[in-house]
Amino acid sequence: MNTAPPRTVCILGGGTAGWMTANLIHRRWAEHGTKISLIESSAIGIIGVGEGSTPQLKAFFDDLGISESEWMPRCNATYKAGIEFAGWSDRPGYERYFHPFPTFVDHFTQSKFFYAAHARRAGRNVPAHPDPFFVPTRIAREGRAPVAPPNFPFLVSYGYHFDAHLIGACLRDFGTARGIDHIDAKIASIELDDQGNVKALVAEDGRRFEADFFVDASGFRAAIIEGALKEPHRPFGENLFNDRAVVTPTPRPESGVQACTQSIAKSAGWIWNIPLTNRIGNGYVYSSRYIDPDDAAAELRVHLGLGEDAEVRHLQMKCGRIDRSWVKNCLAVGLAQGFLEPLEATALHIVLATVGSFLDAWDKGERDQFNAAISRRYEGIRDYLVCHYRTAQRKDTDYWRDATTNNNLSDSLKGVINSWFRAQNLEEEVNSQDIAGYYSPISWHCMLAGYGNFPPPDLLKPPGPDITPLDMAEVERFVSGCAMNFPPLEEALERLKEAA
Ligand SMILES: Cc1cc2nc3c(=O)[nH]c(=O)nc-3n(C[C@H](O)[C@H](O)[C@H](O)COP(=O)(O)OP(=O)(O)OC[C@H]3O[C@@H](n4cnc5c(N)ncnc54)[C@H](O)[C@@H]3O)c2cc1C
């Protein structure tokens, strides 16, 4: 069992993953005397995309004692109450839906929504679109910020949008101010000892960097974990088709920005729209099996109303995960560890979960348990993403016809989908499979109901005496009354700037 932290830790990679890890390890181990260094190559740079988060990013900054006014204005950051999905279903009334970050206040309405969705799945004509039931949805739609005022009795979970380059620089400054050693060097080779542990990273200019423990945060290169330690990579291409993205920013409109990411389904994938304080980030995530890069760029430009010459940037995505994240004396994080396409913006969330569990597992000497738990997390999140495509309601292109009939599904996902379509208790299914920690029953219900995965309207029967009538006016009063407490988004962002 490892009780003493390593004396020296060397992190390869200064992207968001590397700097998050450096700060977290410093917070836990610096008081034990651990010295941390981070090596990155300014010649290589960082990937520079990844602008949406889950609520775990708030916990990260809170734990490090960094306030929103310290980091958000520096990173052109805005608040995010969830994700709006548009164009994923052609069922009338279900053309768009909102996936809110589940939050404490939702307890008051979730059982009503689950009941309604269950009755409709069982063929009863009751309203079961998720949007009217949830406070974060209303907050975003009304142009408010999900930041609870002091007199509001419940916390509301939220995430952020931010500039990927600026957040990296911000985390670097926090880290170096706390004593993390920052080195600019391009690593050319990696030395292993006779036990197969990493001994040193050797730079092109001959400098050698030894450490007791290494972190591979070298991005898709995975220089240590795959390059030197030869850990196998398991691709997810069989059930997640998207392998490329094309991105371009557009100016921020004067008004009308909401505290949410938009995800708009397109001919061979989907386009994100992420509002920052100074611009909108846009990207088309697509499958190169179904559309070539030039056509994808053209589709993105048309969607954004840009001219044919508007500049875009093309990216390749390596979707999958390495077999084990902690091998010998090396932990892989970020893109070096794995990547699930950005539909639910989970990459940084996985970095935080990985480093937090790693530090706990180190104390207990539980490397195998840690590796198994991280693999389950990847697969749990993957299944939720796969379900987005498998149960979407559009079949207008080969991409969508193949995605909605893809039968490469895990047993876990088959269980969830069967439970939904057989009108069983989905909440019980998710809880009994122990997968609610990846996506809660609210998230599963919102997606499946949001696409309109119900019997066709002409087959629905009136509710009947066995169905408890749903008082939608009461739901509306509760949701709109709660939302009224929250400030306009622009006002909340302005306040942060003033406090900075
Ligand atoms: C299209 C797309 C959209 C995304 N959207 C989201 C999102 O909305 N939300 C989210 O959470 N995530 C998203 N991600 C993922 C996100 O971009 C990454 O998880 C995040 O940026 C962290 O990347 P990283 O630090 O692992 O790698 P990188 O940013 O690539 O950093 C790698 C680092 O390693 C260094 N390096 C590599 N090789 C060497 C070497 N030989 N010597 C020295 N240094 C070296 C580089 O210089 C760099 O500093 C998205 C990814 C893609 C591709």
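A pocket, on a 1 Å grid over the protein atoms alone, is an open set of points where a 1.4 Å probe fits, with protein on both sides within 12 Å along at least five of seven lines, and its lining residues have an atom within 4 Å of a point. The structure is a predicted model, in which local features need pLDDT of at least 70 and side-chain atom pairs count only at pLDDT 80 or more, while totals for chains, interfaces and linings use all residues. Residues are numbered from 1 along each chain as its sequence is written, and side-chain values use heavy atoms, with hydrogens and water left out.

The chain is divided into two domains, with bounds that come from an automatic or database domain assignment.

| Domain | Residues | Residues in the contact (heavy atoms within 4.5 Å) |
|---|---|---|
| Domain 1 | 8-51 + 163-234 + 323-365 | six residues |
| Domain 2 | 102-144 + 380-483 | seven residues |

The C-alpha centres of domain 1 and domain 2 lie 38 Å apart. Buried area, the accessible area (1.4 Å probe) that two parts lose on being put together, summed over both, is about 630 Å² between the domains, and carbon and sulfur atoms give 70% of this area. Of the area that domain 1 buries against domain 2, Leu340, Leu343 and Glu344 supply 65%, more than any other three residues.

The second largest pocket lies between domain 1 and domain 2, because both give residues to its lining. The volume of this pocket, the space filled by probe spheres set on the grid points, is about 390 Å³. Its lining has 19 residues, and Ala373, Ile374, Arg376, Arg377 and Tyr438 lie nearest the centre. Helix H10 (367-390) and helix H9 (347-364) each give two or more residues to this lining, with the largest share, nine residues, coming from H10.

Salt bridges, each a side-chain nitrogen of Lys or Arg within 4 Å of a carboxyl oxygen of Asp or Glu, come to a count of 30, although the count between domain 1 and domain 2 is zero. One salt bridge joins Asp212 to Arg7, with the closest N and O atoms 3.3 Å apart. This pair links distant parts of the chain, 205 residues apart.

Terms used
Helices (H or I, at least four residues) and strands (E, at least two) are DSSP runs, numbered from the N terminus.
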